[in-house]
Amino acid sequence: MGSTIGIDLGTTNSCMAIYEAGNAVVIQTGEGPRVMPSVVAFTPAGDRLVGIVAKRQAITNPKDTITSVKRLIGRKYDELSSETFNVSYDIVPNEKGDAVIKVSDGKLYTPQEISSMILQKMKYRAEEYLGEEVTDVVVTVPAHFNEIQRKATKAACTIAGLNVKRVLNEPTAAALAFTDAVERKKIAVFDFGGGTFDISILQVVNGIFEVKATTGNTQLGGDDFDARLVEWIMSEFKREKGIDLRSDPVAPQRVREAAERAKCELSAALETSLNLPFIASSESGPVHLEMSITRGLFEGIIKDLVETTRPLCKQVLKDAGISPDDLEVVVLVGGSTRIPLVRQIVRESFEQEPVHSVNPDEVVAMGAAIAGSVVSGQRKDLVLLDVTSLTLGVETLGGVMAPIITKNSPLPIKRSKMFTTAVDNQQIVGIHVLQGERDLAEDNRSLSRFELVGINPAPRGVPRIEVSFSIDANGILFVNAKDAVTGKHQEIKVNPSGGLSDEDIRKLMREAKHNQEADRDRMKLIEERNFADQLIYESNRILRTRVDTIDESLFEELEVSLEKMRTERDGTNIAEIEQAMRNLNSTLNIIKNMLKMVESLEDKDAPDDFVSLDNKSEDELTDTQDQ
Ligand code: AMP
């Protein structure tokens, strides 16, 4: 049997892991870092970029660089109006009213399709790493995701050619990865990432992980802190220089990147500075953005947002029926938990220091890999119980919601309730499936509507209609309505009206599969070109510095290699591109080393960019020069 990998499909970054030799091991994305940015971009040349290469070109291609797609998955366009989206691409409604992405050539992409592109690249990387085909996965979602969002995430996996063995709540995964968990009794998982916030209480008894309670905010994350900081920086800049950067096509993205960097630095330092040269121009010439930000100022800017997590911590303890004293451990997940103000709220809410021993960026994927080992039968010592995160029910007379499965019920589950007709001789009943905690139907999320027809004419209140809800281990809901007299029944798998139909998914799957080989080659070519572009850029910079102290023939050699590189870069032969890169890199390195040596002899400060690619000693440098 092939391996089951664990995938944390994150808002900002995604990570995957595999259970090997008794441990969960993170699979490198092949791009350096162990996590992959959840970013997809469409370039003017018609290329599709995924991951780090997509993130890198975001500044110059903001309209077609898709970030934070997890915030859109399974959501209606109308629901988004009140939210802040720190993104530069267009979000529009499609004909079903779903939020979709519109790129500059007018093409529309559903969030499922964009997510599938990220997943496809992860699948490809996992296959490279394992040397075998990967299809089975455990994918994680925030505990607070509703049925539509879960279904949409599953659809994204299916399109990417992945077979979802389990959709796992992120806090359950985090608890699973926490090695001591088996011995612990009650665990709080505080998960604050780029786009979502979740807090869960899990109970672990003899290897059984049960989510006792969970709450959160699917629309709160580090992106919101970035947005606040960007807003502050832009206002400050306008106040100081009288220039509004908001209307500039490139400046906002540069400010956004700098703001996120500053935010991360402020988790460790008390003060940081922003430095964005040539951010704008005025009559008197170029204008630079330079300002410093203290941690205190940053905390003031985000405090009200962070404070919204405090009542949710109280709420989750109440829902689980425990006090902070009952908690044995508090686990932190997600990049935003590195912010000291966030940690302070965790400490105060749970009256204890959270653990820092697990890497907050990898813990969910590692837990998903452990769950993978459970579902594939590799590990038999663990059982996973998940619970419903929200109450499910139907609309009844007067627009009132009648709960059928209450929140925090263990999965899988089946529950039924009897209903009747509201008027005499009613032959059709409409079943309106809802999810949420509010009393009125209109305040809850509408999941689906269908009709049970052919009820025998009878006075109101006489027919007996049994409505059953069942949720499988993946959290997918099936609803059945049955007329107890005639036996007529109607069943639906809640196929969210906001999502893709099965036929849509099959079509996209066929397309993705058909393009898989071509996509892989194309992806490789795009990446090679990306590396080539960096080398070309670097070579041009070096050529501009041409100094007399270095033999002119070396610069000429560089020019020849550069020309060859430019020609090959536009071709499609990967081997030739790689050869041209090797040649160019070797000449470039020789010149860089010599420049470094000349500069050290002249006792000048070398600009940072000239730091040698390889760390050779002075002696070795002389050798290189002699050759
Ligand atoms: P995740 O969704 O878990 O990958 O978390 C990503 C979010 O964490 C992004 O908003 C990052 O900017 C944020 N983040 C990562 N590292 C830090 C840090 N050191 N301090 C503050 N926020 C961070």
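The following questions and replies look at why certain parts of this predicted model carry the labels they do.

Me: Why is E351 called exposed?
Reply: The relative accessible area of E351 is 58%, and a residue is called exposed when that value is over 50%, so E351 earns the label. E351 is found in the loop between α9 (340-350) and α10 (363-375).

Me: What makes D325, D326, E328 and E351 a patch of negative charge?
Reply: These four residues gather on the surface, and because Asp and Glu count as negative, the charge of the patch is negative. Members of a patch must have over 30% relative accessible area, and E351, at 58%, meets that condition.

Me: Why is the contact of D223 and R71 called a salt bridge?
Reply: The side chains of D223 and R71 meet with a distance of 3.9 Å from N to O, and the definition asks for a side-chain nitrogen of Lys or Arg within 4 Å of a carboxyl oxygen of Asp or Glu, so the pair qualifies. D223 lies in helix α5 (residues 222-241), whereas R71 lies in the loop between β7 (65-66) and β8, so the salt bridge ties together parts that are 152 residues apart in sequence. The structure holds 27 salt bridges.

Me: How do you know whether D223 and R71 are buried or exposed?
Reply: Buried means under 20% relative accessible area. D223 has a value of 11% and R71 has a value of 3%, so both residues count as buried.

Me: What makes R239 and E236 a salt bridge, and where do they lie?
Reply: The closest N and O atoms of R239 and E236 are 2.6 Å apart, and because the limit is 4 Å, the pair counts as a salt bridge. R239 and E236 are three residues apart in helix α5, and therefore they are separated by about one helical turn.

Me: Why do R239 and E236 receive the labels exposed and buried?
Reply: R239 has a relative accessible area of 59%, and exposed means over 50%, so R239 is exposed. E236 has a relative accessible area of 16%, and buried means under 20%, so E236 is buried.

Me: How do you know that E538 and R541 form a salt bridge?
Reply: Their side chains meet at 4.0 Å, N to O, and the pair is counted as a salt bridge under a definition that asks for a distance within 4 Å. E538 and R541 are three residues apart in helix α12 (residues 516-545), so about one helical turn separates them. E538 is buried, because its relative accessible area is 16% and the limit for that label is under 20%. Elsewhere, salt bridges that share partners join K303, E307, R310 and E348 into one network.

Me: What makes β27 a partner of both β26 and β28?
Reply: Two strands pair if there are at least two bridges between them. Seven bridges join strand β26 (residues 465-471) to β27, and five bridges join β27 to strand β28 (residues 489-493), so both pairs meet the definition. Each of these pairs runs antiparallel. V467 stands opposite A481 in β27, and V479 stands opposite I492 in β28.

Me: Why is strand β27 called mostly covered?
Reply: Five of the seven residues in β27 (residues 477-483) are buried, and buried means under 20% relative accessible area, so the strand is described as mostly covered.

Me: What makes β8 and β10 edge strands?
Reply: Three strands form an open sheet in the order β8-β9-β10, with antiparallel pairing. β8 (90-93) and β10 (108-109) are the edge strands, as each pairs on one side only. Four bridges join β8 to strand β9 (residues 99-102), and the bridge partner of D90 in β9 is K102.

Me: Why is V598 called buried while D504 is called partly exposed?
Reply: V598, in helix α14 (residues 574-601), has 15% relative accessibility, and because buried means under 20%, V598 counts as buried. D504, in helix α11 (residues 502-514), has 27%, and partly exposed covers values between the limits of 20% and 50%, so D504 counts as partly exposed.

Terms used. Residues are numbered from 1 along each chain as its sequence is written. This is a predicted model: local features need pLDDT of at least 70, side-chain atom pairs count only at pLDDT 80 or more; totals for chains, interfaces and linings use all residues. Side-chain values use heavy atoms; hydrogens and water are left out. Patches are made of residues with over 30% relative accessible area and no salt bridge: like charges are joined within 9 Å, nonpolar side chains (Val, Leu, Ile, Met, Phe, Trp, Tyr) within 5 Å. Accessible areas come from the Shrake-Rupley method with a 1.4 Å probe; for residues, only the protein chains shown count as cover. The place of a charge is taken as NZ of Lys, CZ of Arg, CG of Asp or CD of Glu. Helices (H or I, at least four residues) and strands (E, at least two) are DSSP runs, numbered from the N terminus. Buried means under 20% relative accessible area, exposed over 50%, partly exposed in between (1.4 Å probe, protein chains only).
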